[in-house]
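Let's take a friendly walk through some strands and see how they pair. Have the sequence and the fold side by side as you read.

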Amino acid sequence: QVQVVESGGGLVRAGGSLRLSCAASGRTFSTYTVGWFRQAPGKEREFVAAISWAAGSTEYKDSVKGRFTISRDNAKATVYLQMNSLNPDDTAVYYCAQQKPEFYAALKTGTNDYDYWGQGTQVTVSS
């Protein structure tokens, strides 16, 4: 049974920072690309960032480049999303997911390319 659990969300003022964590168990975490997605009210779930299993490669949504940093600690089976310079457009439920094994080391950005998802953590940025 694979489990993915996000944490670290909250309410922050514009310009502030948050660090999200994604803890996984039940599958060899260190061999999978992990991605962060977000879903705002009334909108589709969208890609935010992804990191390869060896942390050698990362991919970001254009609007978060330079503000968000994805990293991972395979020894702790945890992936992090450091979010700086937050603005109200970043308000959403943030989800973590493991990429499907057939994509190996690729950095996919589609929701259908990921299988195991967490329950999400709410991030609210006030203006």
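The report below starts with one strand and its partners and then turns to an open sheet.

This is a predicted model, in which local features need pLDDT of at least 70, side-chain atom pairs count only at pLDDT 80 or more, and totals for chains, interfaces and linings use all residues. Residues are numbered from 1 along each chain as its sequence is written, and side-chain values use heavy atoms, with hydrogens and water left out.

Strands here are DSSP runs (E, at least two residues), numbered from the N terminus. Take β4, residues 34-39: five of its six residues are buried, where buried means under 20% relative accessible area with a 1.4 Å probe, protein chains only. Two strands count as paired if DSSP finds at least two bridges between them. The table lists three such pairs.

| Pair | Direction | Bridges |
|---|---|---|
| β4 and β5 (residues 46-51) | antiparallel | five bridges |
| β4 and β9 (residues 92-99) | antiparallel | six bridges |
| β1 and β3 (residues 18-25) | antiparallel | five bridges |

Along β4, G35 sits opposite A50 of β5, while R38 has Y94 of β9 as its bridge partner. The β4 and β5 hairpin has six residues between its strands, and G42 there adopts a positive phi near 75 degrees.

Now for the open sheet: its four strands follow the order β1-β3-β8-β7, paired antiparallel. At the edges lie β1 (3-7) and β7 (68-73), each pairing on one side only. Ignoring direction, neighbouring strands of this sheet are turned by 15 degrees against each other on average, with axes being lines fitted to C-alpha atoms. Within the β1 and β3 pair, V4 is bridged to A24 of β3.

Key
Buried means under 20% relative accessible area, exposed over 50%, partly exposed in between (1.4 Å probe, protein chains only). Axes are lines fitted to C-alpha atoms, for helices over the stretch in contact, and angles run from 0 to 180 degrees between N-to-C directions.
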